[in-house]
Every structure is written in structure tokens, then in C-alpha cells.
Amino acid sequence: MTHPKYLHSNSTSHKWVFGAIAELIDNAVDAKANQFHIIAEPEPNPTRLIFQDNGRGMTPETLHKMLSFGHCDKGEGDIGKYGNGFKSGAMRVGQDALVLTCDGKTKSAGFLSQTFLKAINANEVLVPMVTWDLELKEIINQDDQRVQHSLNVILRYSPYTSHRSLKEQLAKLTETGTRIVVFNLRLSEDEQLEYDFTRKPNDIYLKLEQEQHPSSTDSVEVDYSLREYCKILYLRPVMQIYIRGQRVRPKLITHTLYKTKVYSYKPSNASEPISITYGFNIANRYRFGMMLYNRNRLIRYYLRIGTQLAGNSIGNGVIGVVDAPFLQPTHNKQDFVTNNQYITLKKTLVKKLTEFWDQACIDKSKGGIGIGDFWKRARTIQLPVWAQCDNPDCMKWRKMEVASPPDDGVDWFCKNNTDAEHNHCHDPEENMDLALTQKPSKRKRRTQDEIVEDELTKLQKKERILKKKRRVLKNRTKSYTEDDDDDDDDDEDEDEEEEEETGGDELVGKMVKIYWKDEGKWFKGRIIKYRETHDDYQIEYEDGDVMYEPKNEFFKVVEESTHPSRPKLFGGERAPASNEERDKVNQLARTCNVKLKYVLDSLSIFLPVHLTPLLEFKNISEFDEKQFCQAVIDYHKSMQDTKRRNEMQIDSLQESISQAQHKAEALSSLSNPTDPGQAQAQTLGLALSTPGPAPTILNTAHPSLYPPVPNYINFV
């Protein structure tokens, strides 16, 4: 038999009320809910708090066990372990709690009330309960006197004093789930509410005298803002939390850190090693310490250890994150039981913290740039931004191309992501563990307005290209009307402007310089890939960074390449050609009415990126097969002199030389179709006579590497 006074004494284990609310959130997670609402009623001066989830709900038997002492139905993977979380948590928030639940077949109401027990001078805890059959739409055992008495107690001591108002509350459970109404909220020692509902309309604050968390060394916003606490409550959030109608945007603590490093630790009482992640909190260098989780649930936050307690700068700004399922939390889940495992873990964290700090090498005494300069530089770093889809059936994390995550009050779904490879709920989630080791951007990411403006520019550019293609098709038909001639005259200036524009795959391999506004200077790099879906380019900078950049006013192509080994194909004296060859080549160009790049597309599919500029010319008559082959061979010789070459580069180059042979053979057949092998030998003869070691030239190649020439090309 449990005395009613135990309800109060049991709740005092939660000195911090947010820890009590977290117990109710944990129960929703264990019930497999994907949404949890914290509601304050009535606004604007609430007198009760409502906690509702859409989990699996409870049967009448399960509800009775939850409201009673000495029962626990928690499973192996559940956060709760003792079956005491609801009773201690709810009674800490307020003196009375009405629990409404639906399991799909029944709806039940259970009442745990200190007010009721005190009014009747009860010597044991009595729990009124009523259950409705959803199919019959009536109270089960309604003729039972105890059931009627339970219903009368609920109507008398709860905020819902009529059958109609009680049924309205039950009707809010449209499917399975649980709704907990806590009222007669706990008062502080000065008989005032410890909550502040007026500071922000979509948050619940603690009043100033209640802000200090009992285990904090200094006050942080997490101590007194329920929204900020819920953002980090779970290491990998699996449920959406709403506070006063607004979604809480969870934080991935490990992905908000700079220069992260992951260590492995194998506890003596665990079957598998755990990961310990360290990194610099560049958002606020004064918020640092260990974030200790247990089975994905936050237990201790900003726990300072080792050098962080010394009062100097060593270790400051560093956050460590670890999920320790092998440790035993205390009953209120705000600390760990002090045992050998916990002591050993803290010693390991101190050791790894020292190791991380030394490897970061920021102390001037150890050859670093200095702590002060490090933090000045860190403020310019923009880390990748991650957001969680608001679709409760998806909830995947997406890496965003913007400067900041969406606000709590703004809905965000996968379709809002600008990354075309991850903008649908059915697209797989990116490897978030791998993302911890990726280098951050050196400049701020684009804002949402900048992204919209870039997309509009892309659409306008595509519209101009389509207009140009339409005029090209008219030229091919050679059947113009007077109106068409007038249109062409009107668009002459636009054609000239578009001719000057280059982009797409034509820029691959070129050197560019990008202006970074935050650092106020230009950085050089090379284009290694064009992404048509985003109309942007993958740039490999000279310092090794690789990132995508749009083509705008901060994007300029370097006219002359600074690459020392890049051959120059044009501008010199053209190799001699017969008049007959010139006539055939010009006739071919007029027939195709396209650049040679498109004529040779089928032959240049496997051409390495660093050689694609060799095909950048406007007319087939400008192409010199001898000079092209010589350029390929010269490039191969320069690669032999480069210490950084590797086996893959040599194989790739040999492929390109073999392809050059086939290109020369195809083009030389224009002048000597009867003996293409002899023409090819003559074509390559001058190049192969160059002094120095000649590269290996493949005599044969698999036919699948060379697709057939387009059917509109006839090499006569």
C-alpha cells in the first residue's frame, strides 16, 4: 500500500522541472510516437500543461499499471527502466494529472490526483479509471458502481466538469496516442508559478530565480528555455516535438562542431566499442564541456573535465559528445550512478581531450597560430547546415546549401532542398558519420534569397539558349520569310551576346578565380565537373578544397592557364593541307553546321579532363591533327617528369594517346581513304620523332571504347 504523501516525495527527485517534462517525452518515444505536443492552456495565461503524442496508446490494463507503483513494462530498447518516470515527472509539474489514451479499440481515462486524495483524507493512492468501447460507443461496465464513482470523481476534480467537455478531450485522440493534462501547476517557495509563459509565445521559460540548473557551473540558455533543451535532448532525434504550436528544430550536436575528430573507446563491460566525438564550438566558444548521452537520451550537458576546470584557455571551446549505453543513469536521468565504469569513462574523456587539443596544434608554444588567432579565424568558417524533414513519415536529415537552418516556425520538407540528389522523401539519407570528417566551406553559404535569384538567372539563360536553337533550326531549313529576317535583325545583338557566353561542359578543365566576399580576395582553382541539374561547377582550389560554385559575377575564367604542363594547341602555324582536303573539310562543316566538338563527341567520351581544352575551337578547318597528337605526347612526357603521378594517371594517359590515334586515323581518311594505316603513321611520324623517351602507344583498343560516329557524319 502506497501512501498519498509518497506522490510528492517521489517527485522531489526532479529538482529541475525540465527534467520532469523530459520523462514524459521519453514515454512518448518508448510508445513509438513520431510527434509530441506540449500545449499551454488557456492562453495567454495558462493554468495547465497538456502533453500529447501519437504513439500506440495504452490498453486499460497498461494504463492501470502506469498509474500504480511496483509495475514496469519497459522493454530492452526503451529509455525508461524503472516504470516511475510518469509518476515522478507528472507530479513534479503539477499536483494533478488526467491521462486520456486510445489503443485503437478502447479509450480510457485515468486520474492521478493529489488534490482528490487530500480532499478525502485517503491513506493509500486511489486511481479512478473509466474505459469506453469504441465499437459499441459506450462505457465498459457502466453499471458497475465503482465505474460510476470513478467518472464522478474525474468530472468533479478535473478541469472538465461535464460529460460533453470530457468527450471533447477524448475526441482529440483521433487515432492511437496519449493525452496527459497536468493542472494545479507546482508553485515556487514564494507561492508563484515557476514558469514564465510571457517571455516568448512559442516557448516555456523558467523564471529568473529558477534558471540555474542544479548541476551547471554557469547558467546557459538550455537551463531555462524548454525549447533549447528539447533541441539537444536526443543525440539522433526520432520524434518531432512541438511547443505551444511551433515545431522544435533539433540540433545534431556532433555536426555543429569544427575540426571534429572521432575516437573509439571499448569499455570493459561493453560488447562493442563506442565513439567519442570532439570538436570546437565555433558558434559560442564559452559553451563547452562534455555532452553525455545514454541510449540516445541526454543525461549531462556541458560537463567540464580536465583542463577545462583549470580556468585557463586550454581545452576551452571544445565539446565532447558520447553515447554511453553501458552506464546506469540515476532515477531522475540527470546524472549517472558513480561507479567504476563512470569513473573510468571520465578519465578516458580527459585523456582524449588532451590528445585532441594537442593534435589541433593551436598553441603557439607547440608551433600553432595561437589561441586568439585561431578563434578569429574560426569565426569566418561556415559549417554545413543540416535540417530534418517535417514529414513525420520521413524525418530524414538533409545537408542544405544555405547559411542557416530553417526557423522553428517554418515548415521544411525534402522538396525544399536545393540538392537535386536529396530533395525527395524517398531519396536515401546522406552518410552523416562520414560528413563529420569533411572539410567545411571557407565562406558563407548562400541565403535562400540568393538561391532563388540564381535559379531565376538560370531559367532566363535557358530561355535565351532555346531561342538561339530555334533560330539555328530556321537557318538549316534555308526557307526564310521576310518576317523571319526582321526577327533575326532584331535579335542580332542578342545573338552576339550569346555567342560570347560559354558555359556547361565547355568550361571543364579551365582555370577560374572565385571571389570570396568574407575574405575579400580571389582564389584560383580548376573546373573538374559541370553539374547540369544545378548549372554550377565543381571547383578544385589550389589549397585542395573541392566545392560547387555557381557562375555569376564572382566567377571569372582565367584567360591563360597557369598550369605549367598544359599544352597550347592553337595560335601557331597550321600544318599544311591540300586544297582537296580543305574543300572536303569545309563542305563537311557546312553540312553539319555545328562545332567540331559535337562532331567528335562520340570519339572523345573517354578523353581525360585535363585534355578536353584541346578540342575547344569553333570550326573543323581550324583543327590540326598533327599538332593535336604532338600536344598529347608532350603532355605525356611532362607527366613522366611529375613526381605526383601515379599508376592510374599513366593508364588514363595511355588511353588518351590511343584515342588520339583513332581520331587521327578518322580525320586522315579524308585525304587518303584507301590506306588509313599509312596515313595515320604519316600523321604521327613527326610527333614520334621528337627527342626524348616516347610514350607507349597502344596499337589496339577494345571497340567498345570508341562508339560509332554519328550517322550524319560521312567521312568520304
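Colleague: Where is N184 placed, in which strand?

Modeller: N184 sits in strand β7. Bear in mind that this is a predicted model.

Colleague: What is the phi of N184?

Modeller: Phi of N184 is positive, about 50°, although the residue is not a glycine.

Colleague: And is N184 buried, partly exposed or exposed?

Modeller: N184 counts as partly exposed, because its relative accessibility is 36% and the partly exposed class runs between 20% and 50%.

Colleague: What about K32, where is that found?

Modeller: K32 is in the loop between α2 and β1. Its phi is near 65°, again a positive value in a residue other than glycine. K32 has a relative accessibility of 61%, so it counts as exposed.

Colleague: Staying with β1, which residues are joined by a cis peptide bond to P42 and to P44?

Modeller: E41 is joined to P42 by a cis peptide bond, with omega about -15°. E43 and P44 are joined by a cis bond too, and there omega is about 5°. P42 is in the loop between β1 (35–41) and β2 (48–53), and P44 is found in the loop between β1 and β2 as well.

Colleague: Switching to helices. At roughly what angle do α2 and α4 cross?

Modeller: The axes of α2 (residues 17–30) and α4 (residues 85–93) cross at roughly 135° and come within 8 Å. The two helices are therefore oblique to each other.

Colleague: Left-handed or right-handed?

Modeller: The crossing of α2 past α4 is left-handed.

Colleague: Which residues meet there?

Modeller: From α2, V17, A20, I21, E23, L24 and N27. They meet G85, F86, G89, A90, R92 and V93 of α4. By class, this contact has seven nonpolar, three polar and two charged residues.

Colleague: Now α7. Which of its residues are buried?

Modeller: S165, L166, Q169 and L170 are buried in α7, which covers residues 163–171. Seen down the helix axis, the buried residues fall within an arc of 145°, so they line one face of α7.

Colleague: Why would residues three or four places apart point the same way?

Modeller: Because an α-helix has 3.6 residues a turn.

Colleague: What is exposed on the other side of α7?

Modeller: R164 and K167 are exposed there.

Colleague: And what do the buried residues of α7 pack against?

Modeller: They pack against strands β3 (94–102), β4 (106–113), β5 (129–133) and β7 (177–185), together with helix α6 (145–157). Strand β7 is also where N184 is placed.

Colleague: Different topic: K352. Is that lysine buried or exposed?

Modeller: K352 is buried, with a relative accessible area of 16%. It is in helix α10, residues 340–360.

Colleague: What is K352 in contact with, leaving aside neighbours within four places in sequence?

Modeller: Y263 and Y278.

Colleague: Then F523, which strand does it lie in?

Modeller: F523 lies in β20, residues 521–531. Its relative accessibility is 17%, so F523 counts as buried.

Colleague: What does F523 touch, not counting residues up to four places away in sequence?

Modeller: F523 touches V512, K513, I514, W516 and Y541. F523 and V512 are eleven residues apart in sequence, and their C-alpha atoms are 8.3 Å apart.

Colleague: Last one, the whole chain. How many helices and strands?

Modeller: The protein chain has 20 helices and 23 strands. Of its 716 residues, 47% are buried. Among contacts with a separation of 6 or more, residues 24 or more positions apart account for 63%.

Note on methods: Residues numbered from 1 in each chain as written. Predicted model: local features only at pLDDT ≥ 70, side-chain atom pairs only at ≥ 80, totals over all residues. Heavy atoms only, no water. Buried < 20%, exposed > 50% of the residue type's maximum accessible area, 1.4 Å probe, protein only. Helix = DSSP H or I, 4+ residues; strand = E, 2+ residues; numbered from the N terminus. Arc of directions from axis to C-beta. Contact = heavy atoms within 4.5 Å. Axes fitted to C-alpha atoms, helices over the stretch in contact; angles between N-to-C directions. Parallel < 35°, antiparallel > 145°, perpendicular 65-115°, else oblique. Left-handed = near helix turned anticlockwise from the far one by under 90°. Nonpolar A, V, L, I, M, F, W, Y, C, P; charged D, E, K, R; others polar.
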